[in-house]
Amino acid sequence: MPETRSQWWTRKVLLSANLAAPAALLATRFQQPAVIAGAAAAHAAFAYGIMSPQCAWFGPVVTRFAPRGRDIWLTIDDGPAASDSETLAEEMRRRGVRATFFVKGRNLLAQTATARRVLDAGHTLANHTHTHPAGLFWWLHATRLQREIDACNAALRDAGVAVTRWFRAPVGLKHALLHPALRARGMRLIAWSVRGSDGIDCEPGAVAQRVAGRAHPGAIVMLHEARPRSNEAILRVIDTLQQRGFSFVIPDDEQLV
C-alpha cells in the first residue's frame, strides 16, 4: 500500500508542530494558556503516532492481510536464537506451518548457518533492525536509522534472503523519517493485529489463550523467541489454532493491508 497524500501531510504537520511548539512557548514565556494547550496537544499527537504500532499517521502500516481461507500469518521476533530457532523451525515444518522470523542483523551475522536451516525448513526471514535499539529507536539520527535498516538487510542477503522487503520496528515504535527510508528501499512496515504478550509473560498456556481469544482469518500474530519457554509457547499457540481450523501461511505482498 503506497503512502497517501494525507499521511504525507500528517507526518509533515506533526513534525513541524513539534519543532515549533518549544519556540512558541519561549516566545510567549509560557504565559499564554492557548499556546501551552496547543503545544501539549502537538506533543501528545506526535507521541501517539510514534508509540502506537498500528497508527498510520506517519505512513502505511500493515496490520492484517486478505486471507484465502482461515489463514493466519505467524511472525516471530528477536532471533535467531541458535539451536532453539532450528528446533522451532523444524517442529513447525512437521506441523505444516510456515512463519516469518523478524531477525536482528547482529544476531544473524553470528548465526548464518542457523538462518539457512530456518530458510530450508520453508520459513522466511525479515528485517527487525540490526541492533534492536528499542528505547532509542524513535529519535535515532537519520544516519543511524538508515544504518539499522541497511546493516540488517546486508546480513539477510548474506544468509541467503534474495529480497528484503519487510521491516518491523523494535516494539512497534515509529520514527518521523522511517517511512521515507523504507520507501527508498522498496520496503514495507509490518505491525500485527494479534500479540501474545509473551515478552512479558511467556507461560505457554497463557500465551495460547491470549492469542486464541483474538485470532481471526487474516490476522498477523506476533510472538517472540529467545526467551525462556519461547518454543513451547509458540508451538502451543500453533497447536491450539490448528485445532480451531486455522492454517498458517506467508501472504503475498498484494494480500497485505
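1. L74 in this predicted model has contacts with M92, A99, T100, V221, L223, I234, I238, F248 and V249, leaving aside residues up to four places away in sequence. L74 is also among the residues with the most contacts inside the largest nonpolar core, together with M92, L125 and L241.

2. That core has 38 residues. At least two of them come from each of these elements: the strands β1 (71-79), β2 (99-103) and β7 (219-224), and the helices α3 (82-94), α5 (112-120), α6, α8 (204-214) and α9 (230-243). The helix α9 gives the most, with six residues.

3. A second core, separate from the one above, has 30 residues. Among its members are I50, I149, L182 and A191.

4. Which residues of α9 are buried? They are S230, N231, A233, I234, L235, V237, I238, T240 and L241. Two of these, I234 and I238, are contacts of L74. Residues three or four places apart in an α-helix point the same way, because there are 3.6 residues a turn. The cover over the buried residues of α9 includes the strands β1, β7 and β8 (247-248) and the helices α3 and α8.

5. The length of α9 agrees with expectation, because its 14 residues should span 20 Å at 1.5 Å a residue, and its end C-alpha atoms are 20 Å apart. After α9 comes G245, which has a positive phi, near 90 degrees.

6. On the surface, L136, W138 and W139 make a nonpolar patch of about 350 Å². L136 sits in the loop that runs between β3 (124-127) and α6 (142-158). Is L136 buried, partly exposed or exposed? Its relative accessibility is 44%, so L136 counts as partly exposed; the class lies between the cut-offs of 20% and 50%.

7. For the chain as a whole, there are nine helices and eight strands. Of its 257 residues, 49% are buried. Among contacts with a separation of 6 or more, 76% are between residues 24 or more positions apart. The chain exposes about 11,800 Å², and carbon and sulfur atoms supply 56% of that area.

Terms used: Residues numbered from 1 in each chain as written. Predicted model: local features only at pLDDT ≥ 70, side-chain atom pairs only at ≥ 80, totals over all residues. Heavy atoms only, no water. Patch = residues over 30% accessible without salt bridge, like charges linked within 9 Å, V, L, I, M, F, W, Y side chains within 5 Å. Areas by Shrake-Rupley, 256 points an atom, 1.4 Å probe, with all protein chains shown as cover. Salt bridge = Lys/Arg side-chain N within 4 Å of Asp/Glu carboxyl O. Helix = DSSP H or I, 4+ residues; strand = E, 2+ residues; numbered from the N terminus. Buried < 20%, exposed > 50% of the residue type's maximum accessible area, 1.4 Å probe, protein only. Core = buried A, V, L, I, M, F, W, Y, C linked by side-chain atoms within 4.5 Å. Contact = heavy atoms within 4.5 Å. Expected span 1.5 Å × (residues − 1).
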